[in-house]
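Biologist: Please take a close look at one part of this model and describe what surrounds it. Then set that part in the context of the whole chain.

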Amino acid sequence: MTVTSDDTEQDRTIPPLRALRFDRPGDLYHEIPEVGGFTKHRPNDDEDPLGFFERLRASTTPEDAITYTAFATEPQVAINWGVNAIRVTLPDLPPDELQLMSWISQWLDHPSSENRWRTMQVALFAPRRSATVYLGLAVGWSGGALAPNDPVSVPDWRSPKAVNAAILRALGQVGLEQRSVCLARVLDLAAGLFRVY
């Protein structure tokens, strides 16, 4: 049997997408110090990412685990987590937000600059700052130029701050009787991200 170049291309294994920005939580707090302004707790020197996440989750402020996850994960991973978190928290989105969620999902499938700019534009001109709108802003701030022919780059903390705001906004829209259940589901989704770094 003759192996063609097409066969060789199809047999290549694509490496998995790296989930975490840093191997140690302390490095995250050093390199992106803005995360410290949003969390009450700080990592210990010997703590690994999952251990710190679990400590935050068990603390009196489990929302810190959401913030830490938004900052600790790579932007595309964090935004995908945000999409899933909003879906389990707010399953009945209004039509305009479903359309924006569709743009976000399209960017996740095809992360081109054009898809990122379109998503950002829709989010910027939305009539209210909903969870989905914050997630759309996170897409726009996930890396690269803000607009065509605009050389300005976005600080590393902008996208995770928007992911954090999106998930906390979604949880804030849930009735008190369901909030702890939704928070647990969101944190279960997050925990899986720390097992693949």
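**A contact between two helices**

Modeller: Outside the four places on either side of it in sequence, Asn164 is in contact with Ile66, Thr67 and Ala70, where contact means heavy atoms within 4.5 Å. The model is a predicted one, in which local features need pLDDT of at least 70, side-chain atom pairs count only at pLDDT 80 or more, and totals for chains, interfaces and linings use all residues. Residues are numbered from 1 along each chain as its sequence is written, and side-chain values use heavy atoms, with hydrogens and water left out.

Asn164 belongs to helix H9; helices (H or I, at least four residues) and strands (E, at least two) are DSSP runs, numbered from the N terminus. Asn164 counts as buried because its relative accessibility is 7%. Buried means under 20% relative accessible area, exposed over 50%, and partly exposed in between, with a 1.4 Å probe and protein chains only.

Thr67, one of the residues that Asn164 contacts, is placed in helix H4. A relative accessible area of 3% is why Thr67 is classed as buried. With neighbours within four places in sequence set aside, Thr67 contacts Phe38 and Thr39 as well as Asn164. Thr67 and Leu168 are 101 residues apart along the chain, and their C-alpha atoms are separated by 8.9 Å.

Helix H4 itself spans residues 63-72 and is mostly covered, with nine of its ten residues buried. Those nine run from Asp64 and Ala65 through Ile66, Thr67, Tyr68, Thr69, Ala70 and Phe71 to Ala72. Which helices do the buried residues of H4 pack against? They pack against helix H2 (25-31), helix H3 (49-58), helix H5 (75-89), H9 and helix H10 (176-193).

Helix H5, one of these packing partners, holds Gly82. Gly82 is buried because its relative accessible area is 0%. Apart from residues up to four places away in sequence, Gly82 touches Leu135 and Ile167. Leu135 falls within the range of helix H8 (131-140), and Ile167 within that of helix H9 (158-172). From C-alpha to C-alpha, Gly82 lies 11 Å from Leu187 in space, with the two positions 105 residues apart in sequence numbering.

Elsewhere in the chain, Ala123 sits in helix H7 (residues 113-124). Ala123 counts as buried because its relative accessibility is 0%. Beyond its neighbours within four places in sequence, Ala123 contacts Leu100, Arg129, Val133, Gly136 and Leu137. A distance of 18 Å separates the C-alpha atoms of Ala123 and Arg87, which are 36 residues apart along the chain.

Glu97 is part of helix H6 (residues 95-109). Its relative accessibility of 8% is the reason Glu97 counts as buried. The side chains of Glu97 and Ser130 are joined by a polar contact of 3.2 Å. A polar contact is a pair of N or O atoms within 3.5 Å; within protein, one must be able to donate a hydrogen and the other to accept it, and residues adjacent in sequence count only if both atoms are side-chain atoms. Residues up to four places away aside, Glu97 touches Arg128 and Thr132 in addition to Ser130.

Gly143 is found in the loop between helix H8 and helix H9. Gly143 counts as partly exposed because its relative accessibility is 31%. Gly143 and Asp156 are 13 residues apart in sequence, and 8.0 Å apart in space from C-alpha to C-alpha.

For the whole protein, the secondary structure amounts to ten helices and zero strands. The radius of gyration is 18 Å, close to the 16 Å that the globule rule gives for 197 residues, so the protein is as compact as a globular protein of that length. That radius is taken over C-alpha atoms, and the globule rule is 2.2 Å times the number of residues to the power 0.38. Along the principal axes, the C-alpha atoms fill a box of roughly 60 × 45 × 35 Å.

Of the 197 residues, 42% count as buried. Among contacts between residues at least 6 apart in sequence, 64% join residues at least 24 apart. The exposed area is about 10600 Å², of which carbon and sulfur atoms supply 53%; areas come from the Shrake-Rupley method with a 1.4 Å probe, and for residues only the protein chains shown count as cover.
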